[in-house]
Amino acid sequence: MYPELDSNLHVAIAGAGIVGVSCALWLQEKGFKVTLIDKNDPGSGATSGCACTLATYGCIPVNDLEVLDPSSRSLFGVDSPLRIDPWHVFTHLPWLIAFMKNCRKPKVEYTTRHLASLLGKTSEGLMPLIKRAGTEGLLSNTGFLDLYETQSEFEHGLPKQRRRAEYGARFQELDAREIQELEPAVKPTFHRGLLYEDIVHVKHPQKLVENLFEHFLASGGQHIREMVQGLLHTEDGMKIFMCSKRFLRANRFVICAGAHSRKIEGCDVERIPLGTERGYHIQFAGLEHLVSRPICWNRYAFYAVPMQLGLRMAGTVEISGLDKPKTPERIEYMKDKANRMFGLSEQPDSDWLGFRPTLPDALPVIGASTKAPNTYYAFGHQHLGLTLAGITGKLISEIVAGEKPSMDILPYSANRFK
Ligand SMILES: Cc1cc2nc3c(=O)[nH]c(=O)nc-3n(C[C@H](O)[C@H](O)[C@H](O)COP(=O)(O)OP(=O)(O)OC[C@H]3O[C@@H](n4cnc5c(N)ncnc54)[C@H](O)[C@@H]3O)c2cc1C
């Protein structure tokens, strides 16, 4: 089932986000010659703007009826963390139906279990890469704080926290006084909190990818500044075509283009229903001292994160596709929460829209294409790509090398969409 391969094979990778670069480093470790193809700077896609958290507690998907409660009056209002563009519903109905179908309890249990299996390997996947690149200084181990304004909100969230705990998340409950002692800059409107002490965050995700990428180059990796258009199998091997019409020969090809992966011709042969959950951030330079750790205002899915670039406020889910510009009301939503949480009424220094790569069942695709020979997929990590990139790269390297993967990869197979 797992034939032995020649490790001198040339592997090409489309996409130099955290997932592509992690795959590249793990493949190099196995002795492969690796070329990363991306026109954009490494880590400048979704990875650059994320909420920076190695969210090992995040095993419960967004498409869970306890999270997406349609009976909740606040779900579709302007003050909701979720916005669905009606035109997008009209044009992408099958994806949305599939996404909603996965809200059913048995599906959520299945997704939770298999996200938790991957999340349990976060450290094993990422830390060897970070250590090899000597970039541990970008990590901060001050934990993560989840905040609730009222007792009823807190109690509403408890089943979810219990499920997280069943899968290994550890946290302690805090009262209003303890929250203030830990985070005095947060307005004293929060009644209860949960402190996840062992959570780590990255102080600058794009710099992390840049440092890993430098290490990749220093270890003999190649980089081509192009966009991949598609791949073609000919009698004399695999050719990867760039949008510039040039091509590269390779023996193996890994697609890690995040939310854009499906645009690569050859990937679509599987009909993988990749969609996107758009997310936003605003940033205040020089205000990182206001918090000591990532803090989530649970009700609004709003994260405040201290990072090297300042204080970043990130979050929300917008279902509106890849092509539409930022929705100004979403930026206003973020500013409003920044004001209510910290009294920050000034304009942020920057705002950002990014694209989470999301499959309807909220599990990534990690593994071989079932149709295109010698082609592998590593995308669809939704809210958890920073966290899961390392283990994804490790698994891809094992699969490409023809080894037995170090964990069961069947739940992440492209086959599941047949
Ligand atoms: C607001 C927000 C907050 C988030 N917070 C967190 C968090 O706290 N923790 C966490 O774990 N995750 C978080 N995420 C999710 C995380 O950011 C993503 O899952 C992750 O960055 C995806 O990484 P990637 O490498 O797959 O994609 P990307 O980082 O988007 O990289 C894809 C790369 O592919 C390239 N590309 C595209 N098309 C082609 C092509 N045709 N040829 C070659 N290259 C191509 C792009 O240029 C890009 O560089 C958050 C996301 C958002 C939006």
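This text walks through a ligand shell, a helix and a small sheet.

The model is predicted: local features need pLDDT of at least 70, side-chain atom pairs count only at pLDDT 80 or more, and totals for chains, interfaces and linings use all residues. Residues are numbered from 1 along each chain, as its sequence is written.

Start at the ligand. Its shell has 42 residues (a residue is near if its C-beta atom, placed from the backbone, lies within 6 Å). Gly17, Gly45, Gly258, Gly279 and Gly385 are the closest. By class, 20 are nonpolar, 19 polar and three charged (Ala, Val, Leu, Ile, Met, Phe, Trp, Tyr, Cys and Pro are nonpolar; Asp, Glu, Lys and Arg are charged; the others, Gly among them, are polar). The elements that each supply at least two shell residues include α1 (18-29) and α10 (385-400). Helices are DSSP runs of H or I with at least four residues, strands runs of E with at least two, numbered from the N terminus. Domains 1 and 2 both give residues to the shell, so the ligand lies between them (bounds come from an automatic or database domain assignment).

Now follow helix α6, residues 151-166. Its 16 residues should span 22 Å, and its end C-alpha atoms are 22 Å apart, which agrees (expected span: 1.5 Å times one less than the number of residues). Just after α6, glycine 168 has a positive phi of about 105°.

Finish with an open sheet of three strands, ordered β3-β9-β5 with antiparallel pairing (two strands pair if DSSP finds at least two bridges between them). β3 (53-54) and β5 (139-140) are its edge strands, each pairing on one side only. Serine 140 has histidine 201 in β9 as its bridge partner.
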